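Me: I would like a close look at one part of this model, with enough of its surroundings to place it. Please keep to what can be read from the coordinates.

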Amino acid sequence: RVLPRAHSAATLIAGASQAGADVYGVAVELESGQTVVADKLLAGTYLTGPGEIVLGQAAAEALGVSVGDEVALQLQGTASVRFRVGGVFQTGVDAMDRYMAFVRLEALPGARSELAVFLPAGKDAAGAVDAIRELLPAGAAVETWRESLPELVQLISLNHVSMNVVLALVLLILAFGVANTIFNIVNERTHEFGVLRAVGMTGG
């Protein structure tokens, strides 16, 4: 599935507060079910009306705004445009929650155009990148999500490491529990055999 997007670096302004942001223009109707941001909202809605912007929680806190407040978005070399905060999301990835913002595609005229390509599960992204690059004119940039979001890759790797550590601890605790149970059983049986031998019983 191929979806049109726009992307631009921008400055978000709310009163005396400012914050840099990577602003993405998305075709909301086409992206239904493709973006995780819509499922990570803490408040508000995901671009349900014109003139709305969706911010990460860290960005909203830095600007001191919440759902319903207004922010000015200024692209380089252009006049600022005012948006109403329609939603606030939290993904757990600091780079996304602090620096990413989303508006409707038509709200970013003149921004860099992009195409987001969604592959079926299990497809080779690297192979798809090579195939797409051959179809595009020289100089066009093609990146996988791992190249575009290295912070997310690091978070996933850290999560895997954390899960492995927790799993190792659980297995270690289970091993100690099993060993302790076996030790107690052997100790009890040894005591019982000693009592039996003391009263003159022999094996036979």
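In which element is the place of Phe176? After that, take strand β4 as the part to examine: which residues lie on one side of β4 and which on the other, and which strands pair with it?

Reply: This is a predicted model. Phe176 is in helix α5, which covers residues 150–198. With a relative accessible area of 57%, Phe176 is exposed, because exposed means over 50%. Together with Val161, Val165, Leu169 and Leu172, Phe176 makes up a nonpolar patch on the surface, and the accessible area of these residues together is about 490 Å².

For the setting of β4, start with the protein as a whole. There are 5 helices and 8 strands, in the order β-β-β-β-α-β-β-α-β-β-α-α-α from the N terminus. The protein has 204 residues, of which 29% count as buried. About 13100 Å² is exposed, with carbon and sulfur atoms supplying 59% of that area. Among contacts with a separation of 6 or more, 64% are between residues 24 or more positions apart.

Strand β4 spans residues 52–56, and 5 of its 5 residues are buried. In a regular strand, side chains alternate between the two faces of the sheet. For β4, one side carries Glu52, Val54 and Gly56, while Ile53 and Leu55 are on the other, and both faces are covered.

The pairing of β4 involves two partners. With β6 it runs parallel, joined by 5 bridges. With β7 (residues 100–104) the pairing is antiparallel, over 3 bridges. Val54 appears in both: it stands opposite Gly87 in β6 and opposite Phe102 in β7.

On the β6 side, Gly87 belongs to a strand of residues 81–89. Its relative accessible area is 0%, so Gly87 is buried. Beyond residues up to four places away in sequence, Gly87 touches Ile53, Val54 and Leu55 of β4, as well as Leu41, Ala43, Gly44, Thr45 and Val67. Thr45 is 42 residues from Gly87 along the chain, yet their C-alpha atoms are separated by 4.9 Å.

On the β7 side, the aromatic rings come in. The structure holds 3 aromatic pairs. One of them is Tyr24 with Phe102, a stacked pair with 5.8 Å centre to centre and 25 degrees between the planes. This pair links distant parts of the chain, since Tyr24 sits in strand β2 (residues 17–26) and Phe102 in β7, 78 residues apart. Tyr24 is buried at a relative accessible area of 14%, and Phe102 counts as buried at 8% relative accessibility.

Phe102 also pairs with Phe89: the ring centres are 5.9 Å apart and the planes are at 65 degrees, so this pair is edge-to-face. Phe89 lies in β6 and Phe102 in β7, with their positions 13 residues apart in the chain. Both Phe89 and Phe102 are buried. Ring pairs join Tyr24, Tyr46, Phe89 and Phe102 into a cluster.

A further buried position is Ser8 in strand β1, residues 2–14. At 15% relative accessibility, Ser8 counts as buried because the cut-off is under 20%. Leaving out neighbours within four places in sequence, Ser8 is in contact with Ala21, Asp22, Val23, Leu75 and Ala111.

To return to the part requested: β4 is buried on both faces, with β6 parallel to it and β7 antiparallel.

Notes. Residues numbered from 1 in each chain as written. Predicted model: local features only at pLDDT ≥ 70, side-chain atom pairs only at ≥ 80, totals over all residues. Heavy atoms only, no water. Helix = DSSP H or I, 4+ residues; strand = E, 2+ residues; numbered from the N terminus. Buried < 20%, exposed > 50% of the residue type's maximum accessible area, 1.4 Å probe, protein only. Contact = heavy atoms within 4.5 Å. Patch = residues over 30% accessible without salt bridge, like charges linked within 9 Å, V, L, I, M, F, W, Y side chains within 5 Å. Areas by Shrake-Rupley, 256 points an atom, 1.4 Å probe, with all protein chains shown as cover. Salt bridge = Lys/Arg side-chain N within 4 Å of Asp/Glu carboxyl O. Pairing = 2+ DSSP bridges. Phe/Tyr/Trp six-rings, centres within 6.5 Å; stacked < 30°, edge-to-face > 60°.
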